[in-house]
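Open the model in your viewer and keep the selection tool handy. We will go from stop to stop, and at each one you will find something to select and a few things to look at.

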Amino acid sequence: MPAAPYRGSWRLQGRFWPTVRDDPADAEAISHKLSVRAGLVRQLAAGLYTVTPIGLRVIQRVEAIIREEMNRIGAQELLMPVMHPAEIWEATGRYGLAEQFRLEDRGGRKMVLGMTHEEIVTWHAAREMRSYRDLPQSWYQIQTKLRDEPRPKSGMLRVREFTMKDSYSFDADEAGLERSYEAHSDAYARIFDRSGLVWYRVESDVGMMGGSGAHEYMAPSSAGEDVVARSPGGSYAANVELAVSVAADPEFGEAPDAPGEFATPGIGSIDELAEFTGLAPACLAKSVVLVSDSGPVLAIVRGEHQVHEKKIAHLIGAHRAAHPEEIREWFGADPGSLGPVGIDAGTVRIIADSTLQTGHYVTGANRDGFHLRGVVLGRDFQAETADIRTVLEGEHAVDGSGPIELVPVIEIGNIFKLGTKYSEPLDARYLDENGQEQVIIMGSYGIGPARVAMAAIEQGHDDDGIVWPTGIAPFDVHIVLIGDPDSEQGAFAEALLGELSDLGLEVLLDDRPGLRPGEKFVEADLLGCPLRVTVGKRTLPDGPLEVQVRRTREKSEIALEGAAEQIRSLWLGLAGG
RNA sequence: CGGGGUGUGGCGCAGCUUGGUAGCGCGCUCCGUUCGGGACGGAGAGGUCCCCGGUUCAAAUCCGGGCACCCCGACCA
């Protein structure tokens, strides 16, 4: 049995800490490899992970920061069930979503496992919030979410079951929502700063949550699944799903009076066409045929751009790529020679990217092996115009703040202005000062503690292992005891553990017998606590005591007298920096 | 859901092409020597070769079907 705990400090002897020497074979992301090797997590099945005792310490430190900051803005912690009656989800039209785990109880009653808790929290608010005097409220929980992800991946980064801090605000009006939103925004800034992350707050799509405005909190990492378009200094930052930019116009030259057809034998791609014509891709128009629920859609962007799925989906809803036979039928030509000229807008909905509003373009002629040059939007064809293209790196930010950089990021949190999306269907209303019934205005706000931890690993590691930020390291100080716990050194290490703990630090003492020093050092590096103290033969009787900063590898030798105080001020220097 | 890959002691892998008594490294147990950056020697334990079916005298190996996991894409708060 482990010895009795000393506050938050641990003796390692007897603990469940399953480290491994090799990277797991199927791991790709650094955080995945290191979280397994450092014994923080173990996989049960795809997207299902057990967090080990030592991994849990990291998660709990993140959660502790979250609780402090949520409480600071007056949010109240509660706990809602993971399993819900399906009816409530039916009321908001979110029953049957692909990611939703559904089941039945023994009576055949339909249930769901919660992927989030808007429905449930709103259901409660609808029953308990009656008067404007009851508002505003902010409630939060740290609770399990279940999502039948189509593709769990990257260790703990994308899983099917995870804990989430989710909070919900209830306000009487838009101004109130604005205040709640800002309060959360402030809290989130403190939470992610204290967690030691590099992070961006970016404009985001409202997605399946619905609502009128949203931001995401993103931690830059090559393991990230999202991409942010960001100008220098970050004054412009948005998820590429909705990012806009200024695309420089090429030298178009004089537009001809009318489109002219020319032969382009064997030309099927923009690259080939650019090569063949000697024109920049920006002078060519790319035609993409999609099929929406209401029929065929021709989306046109400049040659250097791509049609962005999310952006076009905002206009035409769910859609798929057209089959070659369908394209043949509607355009009379194969992909590669398609264009908007001569297409009946009644049959095919034509949407051109806004960049097409200036210049003249080479487009397909809807005749295999032929293209048209000098095609002008508005003159030679009619189309709706909208921003439907991807943003390219190097294009300029719309606020004039400079060239845009595309950064892969991990989404670690988000904030949404829900408005009445849930309160309306679930009848969450109150009586205002005038006795008039009003719909409660809501916001919802999420953070994934495990993602915060994994992002910290992505951003803080070296060849030897994890380099935790001080705010969320599993321990503040890792004492490597070289020698027997019953020895003089053992007694010293034990005393040091006590003193450091009394000073408010959480300490891990590696008092495991029979391990070689090298093994202890290697595992200490892997685990990555901010400070490592070595207690061995060299330490006693007169010192010095060796302390190493994990991040910099900087070693200092300190006197035994007042060692604990010294270590504490070293730690404070790291934490404050 | 499309494409690709992998399933063999706890972990990482070889063996499969060309069917014939299941191997290597690490880890684990015991003994000895070591002991401030994953030591060395010796002796051991540990495997339904993912599952089901087929072919064959004989299947980890060949054939068919299934399952699981990973990666790319689609999708995703």
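## Stop one: the surface near the RNA

Sorted by class, the surface near RNA strand B holds 14 nonpolar, eight polar and 22 charged residues. Before you zoom in, keep in mind that this is a predicted model.

Select RNA strand B and show what lies around it: 44 residues surround the strand, and the closest are Arg 147, Arg 151, Arg 158, Asn 414 and Asp 525. Now color the RNA by sugar, phosphate and base. Of the RNA atoms within 4 Å of the protein, 51% belong to sugar or phosphate, and the rest belong to bases.

Three polar contacts are good places to pause:

- Select Ser 154: a polar backbone atom of this residue is 3.4 Å from a phosphate oxygen of RNA strand B.
- Select Thr 539: an N or O atom in its side chain is 3.5 Å from a base oxygen of RNA strand B.
- Select Glu 546: a polar atom of its side chain lies 2.6 Å from a base nitrogen of RNA strand B.

Zoom out again and highlight the elements that give two or more residues to this surface: β2 (41-45), β9 (161-171), α7 (309-316), β22, α11 (517-527), β30 (531-535) and β31 (545-549). Which element gives the largest share of the surface near RNA strand B? That is α11, with seven residues.

## Stop two: helix α1

Next, select residues 30-37, which form helix α1. This helix is mostly covered, with six of its eight residues buried. Show the side chains of Ser 31, His 32, Leu 34, Ser 35, Val 36 and Arg 37 to see the buried ones. What do the buried residues of α1 pack against? Their partners are β2, β3 (48-51), α9, β26 (461-462), β27 (465-466) and α11. Then step along the chain to Gly 39, which follows α1 and has a positive phi, near 70°.

## Stop three: where α2 meets α9

Keep α9 (residues 449-459) on screen and add α2 (residues 53-72). The two helices pack at an angle of about 115°, and their axes are 9 Å apart. The crossing of α2 past α9 is right-handed. For the contact itself, pick Val 58, Ile 59, Val 62, Glu 63 and Ile 66 on the α2 side, and Pro 449, Ala 450, Val 452 and Ala 453 on the α9 side. By class, these contact residues are eight nonpolar, no polar and one charged.

## Stop four: Asp 353

Select Asp 353 in strand β18 (residues 349-353). Is this residue buried or exposed? Asp 353 counts as buried because its relative accessible area is 1%, and buried means under 20%. Look for the backbone nitrogen of Ile 388, which lies 2.9 Å from a polar atom of the Asp 353 side chain. Leaving aside neighbours within four places in sequence, the contacts of Asp 353 are Ile 300, Val 301, Ala 386, Asp 387, Ile 388 and Arg 389.

## Stop five: Thr 420

Finish in the loop between β22 (405-419) and β23 (429-431), where you can select Thr 420. This residue is partly exposed, with a relative accessible area of 30%. Now measure from Thr 420 to Ile 441, C-alpha to C-alpha: the two are 5.4 Å apart in space and 21 residues apart in sequence. Beyond the neighbours within four places in sequence, Thr 420 is in contact with Pro 425, Val 439, Ile 440 and Ile 441.

How values were computed: Residues numbered from 1 in each chain as written. Chains lettered and ligands numbered in written order. Predicted model: local features only at pLDDT ≥ 70, side-chain atom pairs only at ≥ 80, totals over all residues. Heavy atoms only, no water. Helix = DSSP H or I, 4+ residues; strand = E, 2+ residues; numbered from the N terminus. Buried < 20%, exposed > 50% of the residue type's maximum accessible area, 1.4 Å probe, protein only. Contact = heavy atoms within 4.5 Å. Near = heavy atom within 4 Å. Polar contact = N/O pair within 3.5 Å; in protein donor to acceptor, adjacent residues only side chain to side chain. Nonpolar A, V, L, I, M, F, W, Y, C, P; charged D, E, K, R; others polar. Axes fitted to C-alpha atoms, helices over the stretch in contact; angles between N-to-C directions. Left-handed = near helix turned anticlockwise from the far one by under 90°.
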